[in-house]
Amino acid sequence: MIKIVHISDSHLGYRTRRGTTNKWAIQNYSKPYEQEIYDLFLEVMEDISKIKDLDFLIHCGDMFHNPSLYSSYPPPEPARRTFKEGLDIFFKNTKNQTPFIYIEGNHGVFRGYEYTPFESHIQKDEYPNLYYFKERDLTNAINNNQPLKLEFPSKEVRFYLFPFFEFKSFEIYEVAYDKWVGLQRPNKSDDFINIAVAHGSIADGTLHRKVNSDDFSYDYVALGHEHGLKKVSKNHYYSGSLLPMNFKEVLEKQGYLNVEIDKKAKILNIEEISTNKLLKRTFEIIKIEASPQHTSADLEALIRNELKPFISDEGFDPKTAARLKFNFYGEITFKKNWQINDLMTKIRSESFSQSDKFNILQIIWKIFDESEDAENDISTGLIQDYILEHPDEEFKSFVKEKLTEDKSQFDVDKLTQFGMKALKNALKFMEREKEV
Ligand SMILES: [Mn+2]
């Protein structure tokens with residue numbers, strides 16, 4: 001029996017950004033959600049390292065959130081410290097006897113450099129049983145026409161490594177990768193257990209179809225990159241990350257996998273350890289129907305009703321403060337759209353400025369117009385055409401309503417002119433964004 005723990009996508013150093021209160025947590029050192037990931041990572045490393053007779057720990061990439069394609073900053077200092085602490089816990093409790101195998105993902109990689117945060121922030125010599133494989137190791141293997149594998153003859157286990165590589169980004173890469181991938185076919189002339197370890201996904205073209213399929217008959221395929229814990233096929237699994245990072249991931253499971261492989265029959269026994277349920281805060285999507293009949297006050301009452309559970313005399317607590325996303329749906333007119341944005345901006349700044357009352361870390365929202373679904377061929381271009389049809393009239397009536405509520409004396413025409421200017425700039429900006 002071979003016992004393996006499969007873990008992935010830790011994203012140490014991940015921070016909530018959009019629509020988040022700027023309060024710092026734990027001694028002004030890390031941000032609230034960031035700290036939660038560190039705490040859980042260390043807890044999990046402690047638990048894993050105490051598993052009796054564990055043969056291997058496999059981590060399928062994205063140990064750090066930064067640097068990545070969009071940010072060249074190194075991982076924040078607490079992330080590096082947590083990583084080192086996690087390694088120390090693991091190797092101390094396993095008395096350096098259990099190999100920790102890591103493959104590089106698309107996060108936590110200094111692009112274009114020879115080194116990774118694994119080299120710049122820890123001393124490899126301190127960890128004789130740490131094995132990591134970078135994109136560079138993969139490209140070297142391709143250039144040298146060699147497989148990329150790691151063998152443990154005493155345990156009769158062989159790992160085939162697939163660090164993240166965007167082989168589809170250039171045709172010459174794709175051709176070379178296609179040719180090379182055949183070398184990763186296990187040699188079936190011995191009794192070794194053959195395990196593939198890959199960071200990638202069929203969804204974005206970063207996992208080769210031969211690794212995704214059962215072509216090579218691996219006994220187990222440990223996958224990383226997708227953040228939800230899921231079984232892809234009989235012996236292909238994503239372990240997912242330890243906690244959801246965005247609102248899409250709230251709908252998925254997160255955790256890690258205890259994998260046991262019977263040496264003779266090669267039968268898998270897989271136990272899912274769920275960790276997302278350890279989340280100490282509310283992290284959810286709230287749906288609100290915005291009917292055209294609703295006045296601004298009706299809508300405000302609906303939103304405030306949803307916020308009630310997060311208001312108390314205890315106020316803000318970085319460890320439990322909620323992450324909330326409001327999804328507005330229904331027949332959304334242009335005016336309703338302005339109304340929602342206006343209300344939500346007001347409510348958010350109110351919650352963030354009253355930390356003695358509101359226990360909320362993040363508020364974001366999205367507006368879904370059901371008429372968009374009805375005319376399902378609608379594209380961004382068409383929406384813009386629609387907005388540009390009578391934006392001044394709709395905006396003017398919105399401003400008028402606001403100012404009447406507010407009992408302010410402003411020149412509505414002048415304000416409308418400013419508003420239109422802002423809207424045109426925003427649309428120009430949207431056009432530019434689309435081009436990226
Ligand atoms: Mn990834």
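The questions and answers below concern a predicted model of a protein chain.

Q: How many helices and strands does the protein chain have?
A: In this predicted model, the C-alpha trace of the protein chain spans about 85 × 50 × 40 Å along its principal axes. Of the 436 residues of the protein chain, 36% count as buried. The secondary structure of the protein chain comprises 12 helices and 15 strands.

Q: What share of the contacts in the protein chain with a separation of 6 or more comes from residues 24 or more positions apart?
A: Two residues are taken to be in contact if their C-beta atoms, placed from the backbone, lie within 7 Å. Among the contacts in the protein chain with a separation of 6 or more, the share due to residues 24 or more positions apart is 73%.

Q: How far apart do the C-alpha centres of domain 1 and domain 2 lie?
A: The domain assignment divides the protein chain into domain 1 (2-278), domain 2 (281-375) and domain 3 (379-436). Between domain 1 and domain 2 there is contact, with 12 residues of domain 1 touching 15 residues of domain 2, and the domain 1 side of this contact consists of six nonpolar, four polar and two charged residues. The C-alpha centres of domain 1 and domain 2 are separated by 36 Å.

Q: Which strands stand at the edges of the open sheet of six strands?
A: The open sheet runs in the order β4-β3-β2-β1-β11-β12, and its pairing is mixed. A strand at an edge has a single partner strand, so one side of it is left without a neighbour in the sheet, and this applies to β4 (130-133) and β12 (268-274).

Q: Which residue of β11 is the bridge partner of His6?
A: Strand β1 covers residues 2-7 and strand β11 covers residues 255-261, and the two pair in the antiparallel sense over five bridges. In β11, the residue that serves as the bridge partner of His6 is Leu257.

Q: Is α1 roughly parallel or roughly antiparallel to α2?
A: Helix α1 (residues 32-49) packs against helix α2 (residues 77-93) at an angle of about 10°, and their axes are 8 Å apart. Because angles under 35 degrees count as roughly parallel, the orientation of α1 relative to α2 is roughly parallel.

Q: How do the residues of the contact of α1 with α2 divide by class?
A: From α1, the contact involves Tyr38, Phe41, Leu42, Met45, Glu46, Ile48 and Ser49, which meet Pro78, Thr82, Glu85, Gly86, Ile89, Phe90 and Asn93 in α2. By class, the residues of this contact are eight nonpolar, four polar and two charged.

Q: Is Phe118 buried or exposed?
A: Phe118 lies in helix α3 (residues 117-120), and its C-alpha is 9.8 Å from that of Phe64, although these two residues are 54 apart in sequence. A residue counts as buried if 20 or more other C-beta atoms lie within 10 Å of its own. Since Phe118 has 20 other C-beta atoms within 10 Å, it is buried.

Q: Which residues is Gly330 in contact with, leaving aside its neighbours within four places in sequence?
A: Gly330 lies in strand β14 (residues 322-330) and is partly exposed, because 18 other C-beta atoms are within 10 Å. Gly330 and Ile288 are 42 residues apart in sequence and 8.6 Å apart in space, C-alpha to C-alpha. Leaving aside its neighbours within four places in sequence, Gly330 is in contact with Glu289, Ala290, Ser291 and Glu370.

Technical notes: Residues are numbered from 1 along each chain as its sequence is written. This is a predicted model: local features need pLDDT of at least 70, side-chain atom pairs count only at pLDDT 80 or more; totals for chains, interfaces and linings use all residues. Two strands pair if DSSP finds at least two bridges between them. Helices (H or I, at least four residues) and strands (E, at least two) are DSSP runs, numbered from the N terminus. A residue is buried if 20 or more other C-beta atoms lie within 10 Å of its own, exposed if 12 or fewer, and partly exposed in between; C-beta atoms are placed from the backbone. Axes are lines fitted to C-alpha atoms, for helices over the stretch in contact, and angles run from 0 to 180 degrees between N-to-C directions. Angles under 35 degrees count as roughly parallel, over 145 as roughly antiparallel, 65 to 115 as roughly perpendicular and the rest as oblique. Ala, Val, Leu, Ile, Met, Phe, Trp, Tyr, Cys and Pro count as nonpolar, Asp, Glu, Lys and Arg as charged, and the others, Gly among them, as polar. Domain bounds come from an automatic or database domain assignment.
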